[in-house]
Amino acid sequence: MGRTYIVEETVGQYLSNIDLQGKAFVSGLLIGQCSSQKDYVILATRTPPKEEQSENLKHLKAKLDNLDEEWATEHACQVSRMLPGGLLVLGVFIITTLELANDFQNALRRLMFAVEKSINRKRLWNFTEEEVSERVTLHICASTKKRIFCRTYDIHDPKSSARPADWKYQSGLSSSWLSLECTVHINIHIPLSATSVSYTLEKNTKNGLTRWAKEIENGVYLINGQVKDEDCDLLEGQKKSRGNTQATSHSFDVRVLTQLLLNSDHRSTATVQICSGSVNLKGAVKCRAYIHSSKPKVKDAVQAVKRDILNTVADRCEILFEDLLLNEIPEKKDSEKEFHVLPYRVFVPLPGSTVMLCDYKFDDESAEEIRDHFMEMLDHTIKIEDLEIAEETNTACMSSSMNSRASLDNTDDEQPKQPIKTTMLLKIQQNIGVIAAFTVAVLAAGISFHYFSD
């Protein structure tokens with residue numbers, strides 16, 4: 001027996017309304033959440049056509065040659081940034097004419113694996129062995145709007161064979177999903193090793209974030225001020241609405257505690273690293289995660305929050321690097337400090353759902369630009385007044401330094417001279433010197449934690 005996909009009715013309506021308009025096919029993404037028993041699909045979005053392909057796609061002879069995997073995977077990566085914790089790209093769909101049905105089956109399979117590989121490459125976390133590893137492919141006939149097939153593949157096995165899956169619609173699927181929110185204050189120092197000068201700044205930064213990610217993964221998570229057993233029901237002890245078996249809509253406050261001291265039997269050594277510079281990430285980020293309300297487990301909720309923390313920090317860095325490259329901002333001279341404002345997070349509600357999607361906005365971008373980006377990426381119209389800028393205003397300063405050395409414990413807490421609206425600050429310190437990167441093991445009977453969130 002294959003997996004069961006519970007699908008929001010509006011997804012079915014969206015797929016039915018897609019018109020090929022003379023094209024050979026239309027492909028897109030299926031978005032939702034996995035659980036041990038079944039998967040939930042709450043959103044579908046078509047892949048926007050390339051401008052240069054608009055004319056070519058009108059000819060049915062184009063067929064497989066125009067199923068551009070690179071374009072589709074780039075769209076999937078962009079969309080994955082707009083998903084809060086708990087939501088994933090669960091698979092891909094394609095709508096074709098009936099006579100082309102057989103031609104696209106293998107292509108759809110390849111596309112699904114390409115999308116998963118591309119998204120996974122950018123993550124700071126890995127799936128656990130217990131998690132569902134199947135992703136879905138949905139093929140729909142353009143004329144009848146009926147499923148030609150719905151199949152799943154094991155993403156861990158490129159040679160896996162297709163398995164049939166059930167596709168069932170349900171109204172108001174995510175209208176009672178649970179939300180988890182937390183604010184995370186970060187101060188990450190990343191030395192740029194002189195021995196890895198061939199690495200790009202982006203790659204060096206990701207390597208540093210990977211080390212920080214371990215702190216987040218190993219943290220302790222308080223849900224509404226309590227530490228709960230990971231196998232407990234998240235809603236345990238919560239009241240249910242009268243005369244209704246469904247739990248009322250809940251929002252949970254999450255706080256993250258990270259470990260300060262190491263175990264007494266843990267041996268640590270000091271290392272000296274020759275560095276060409278350093279990157280500092282400082283600021284506060286708002287994190288949100290959503291989970292289904294059908295007997296959710298604490299471990300699933302915590303996992304969704306962890307991944308949202310890691311995703312939002314990594315995504316902001318990636319977006320900034322893309323912006324710097326796009327605008328060709330010149331590098332500063334050696335020993336100067338560069339201050340860059342990372343984009344802040346904007347949330348927008350999904351109609352008929354408690355779930356909110358997100359995007360990232362630089363200070364010079366307008367609300368209209370964010371609205372248009374939602375339309376382009378998710379093929380859904382949003383209202384400007386629905387945009388929620390979740391993060392508060394911090395201050396940063398523009399300064400330069402001629403220091404030839406920088407120590408790892410230097411947090412650069414200068415007094416701000418020029419206030420800037422920002423939520424996270426990236427400081428790239430390009431100086432040639434030696435950074436002594438060391439960790440000291442402290443012998444203690446207990447383990448201490450400090451708050452990593454407000």
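Here is a walk through a predicted model, from the whole chain down to a few helices and loop residues.

Let's start with the overall picture. The chain has 454 residues, and 50% of them are buried. DSSP-style bookkeeping gives six helices and 19 strands. If you look at contacts between residues with a separation of 6 or more, 79% of them join residues that sit 24 or more positions apart.

Now zoom in on α1, which covers residues 9–17. Which of its residues are buried? V11, G12, Y14 and L15 are. There is a handy bit of helix geometry to keep in mind here. An α-helix has 3.6 residues a turn, so residues three or four places apart point the same way. Viewed down the axis of α1, the buried residues fit within an arc of 160°, so they line one face of the helix. And what do those buried residues pack against? Their partners are all strands: β1 (4–8), β3 (39–46), β4 (88–96), β5 (134–141) and β8 (166–170).

Next come the helix pairs. Two packed helices are described by the angle between their axes and the distance between the axes. Take α2 (residues 69–81) and α3 (residues 105–121): their axes are 9 Å apart and the packing angle is about 45°. That makes α2 oblique to α3, and α2 passes α3 in a right-handed crossing. On the α2 side, the contact is made by E69, A72, T73, A76, C77 and S80, while α3 supplies R110, L111, A114, V115, S118 and I119. Sorted by class, that contact holds seven nonpolar, three polar and two charged residues.

Helix α2 also packs with α6, which spans 367–378. Here the axes come within 10 Å and cross at roughly 130°, so α2 and α6 are oblique to each other. The handedness of this crossing is left-handed. The residues that meet are H75, Q78 and V79 from α2 and H373, M377 and L378 from α6. By class, they split into three nonpolar and three polar, with no charged residues.

Time for some loops, and for backbone torsions. Most residues other than glycine have a negative phi, and most peptide bonds are trans. Against that background, look at Q21: although not a glycine, Q21 has a positive phi of about 50°. You'll find Q21 in the loop between α1 and β2 (25–34). Is Q21 buried or exposed? Its relative accessible area is 58%, so Q21 counts as exposed.

D379 is another non-glycine residue with a positive phi, this one near 55°. D379 sits in the loop between α6 and β16 (388–389). With a relative accessible area of 24%, D379 is partly exposed.

One last stop is T97, in the loop between β4 and α3. How accessible is T97? Its relative accessibility is 16%, and because the cut-off for buried is under 20%, T97 counts as buried. Setting aside neighbours within four places in sequence, T97 is in contact with L20, A24 and A142.

Terms used
Residues numbered from 1 in each chain as written. Predicted model: local features only at pLDDT ≥ 70, side-chain atom pairs only at ≥ 80, totals over all residues. Heavy atoms only, no water. Axes fitted to C-alpha atoms, helices over the stretch in contact; angles between N-to-C directions. Helix = DSSP H or I, 4+ residues; strand = E, 2+ residues; numbered from the N terminus. Parallel < 35°, antiparallel > 145°, perpendicular 65-115°, else oblique. Left-handed = near helix turned anticlockwise from the far one by under 90°. Contact = heavy atoms within 4.5 Å. Nonpolar A, V, L, I, M, F, W, Y, C, P; charged D, E, K, R; others polar. Buried < 20%, exposed > 50% of the residue type's maximum accessible area, 1.4 Å probe, protein only. Arc of directions from axis to C-beta.
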